[in-house]
Amino acid sequence: MARKSPGALRAQSRLAGRSGGKTSPIDGLSSRANAAIVRLQLRHPKIGSVATALTSYRRAIWRSGRWLELLGDCPCPSCDPVGQRDILEGAMRRLPPAARRELRRVVDALDEEFLRKTLPDPRAAELNAWDAQAWWRHRLRGR
């Protein structure tokens, strides 16, 4: 029977100490990919919660109808699918290749729906350099 490596046991004990032993795995990802995401979040806390970003991105895309609608004047960043997509992209850039592929596969399915429910914004690249960096910031929400 395979045993956990000493490094895996240390990481697990550090995680249990910081989060009270409660971590919610991301549906559709292997335990190795989930562990890589947890390690990433421990090393880079500014990234934010990947599980929360994925849940919010998924919810924003699937709850809308034919077009992705603006969610009013809600001040919370979890209502903005673009902000959540930024968090996911930041995580995917820093994850090891195998975990990146798994997360990318889940996010790609949501990206297809995001593209279907939005329109290209011809002026997005002209607004500022930050908007010009990512394709999901080049989209308009339809009506």
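Is Glu89 buried or exposed, and what is its relative accessibility? Select Glu89 and take a look: at 14% relative accessibility, Glu89 counts as buried, where buried means under 20% relative accessible area, exposed over 50%, and partly exposed in between (1.4 Å probe, protein chains only).

Before you go on, some ground rules. You're looking at a predicted model, where local features need pLDDT of at least 70, side-chain atom pairs count only at pLDDT 80 or more, and totals for chains, interfaces and linings use all residues. Residues are numbered from 1 along each chain as its sequence is written, and side-chain values use heavy atoms, with hydrogens and water left out.

**Stop 1: Glu89 and its partner**

Keep Glu89 selected and add Arg104. These two form a salt bridge, with 3.5 Å between the closest N and O atoms; the term stands for a side-chain nitrogen of Lys or Arg within 4 Å of a carboxyl oxygen of Asp or Glu. The pair links distant parts of the chain, as Glu89 sits in helix H4 and Arg104 in helix H5, 15 residues apart. (Helices are DSSP runs of H or I, at least four residues, numbered from the N terminus.) Arg104 is partly exposed, at 27% relative accessible area.

**Stop 2: Arg85 and Asp111**

Now pick Arg85 and Asp111. Here's another salt bridge, its closest N and O atoms 2.9 Å apart. Arg85 belongs to helix H4 (residues 81-94) and Asp111 to helix H5 (residues 97-116), so this pair ties together parts that are 26 residues apart in sequence. Both Arg85 and Asp111 are buried.

Next, show both pairs at once. Arg85, Glu89, Arg104 and Asp111 are linked in a network of salt bridges.

**Stop 3: Lys117 and Glu113**

Move along to Lys117. Which residue does Lys117 form a salt bridge with? Add Glu113 to find out: the closest N and O atoms of Lys117 and Glu113 are 3.7 Å apart. Lys117 counts as buried at 2% relative accessibility, and Glu113 does too, at 11%. The structure holds 5 salt bridges, among them the ones on this tour.

**Stop 4: Leu54**

Finally, jump to Leu54 in helix H3 (residues 50-63). Leu54 is buried, with a relative accessible area of 1%. So what is around Leu54? Setting aside neighbours within four places in sequence, Leu54 is in contact (heavy atoms within 4.5 Å) with Ile26, Leu88, Leu103, Val106, Val107 and Leu110. Try a distance label as well: the C-alpha atoms of Leu54 and Asp27, 27 residues apart along the chain, are separated by 9.9 Å.

Conventions. Helix = DSSP H or I, 4+ residues; strand = E, 2+ residues; numbered from the N terminus.
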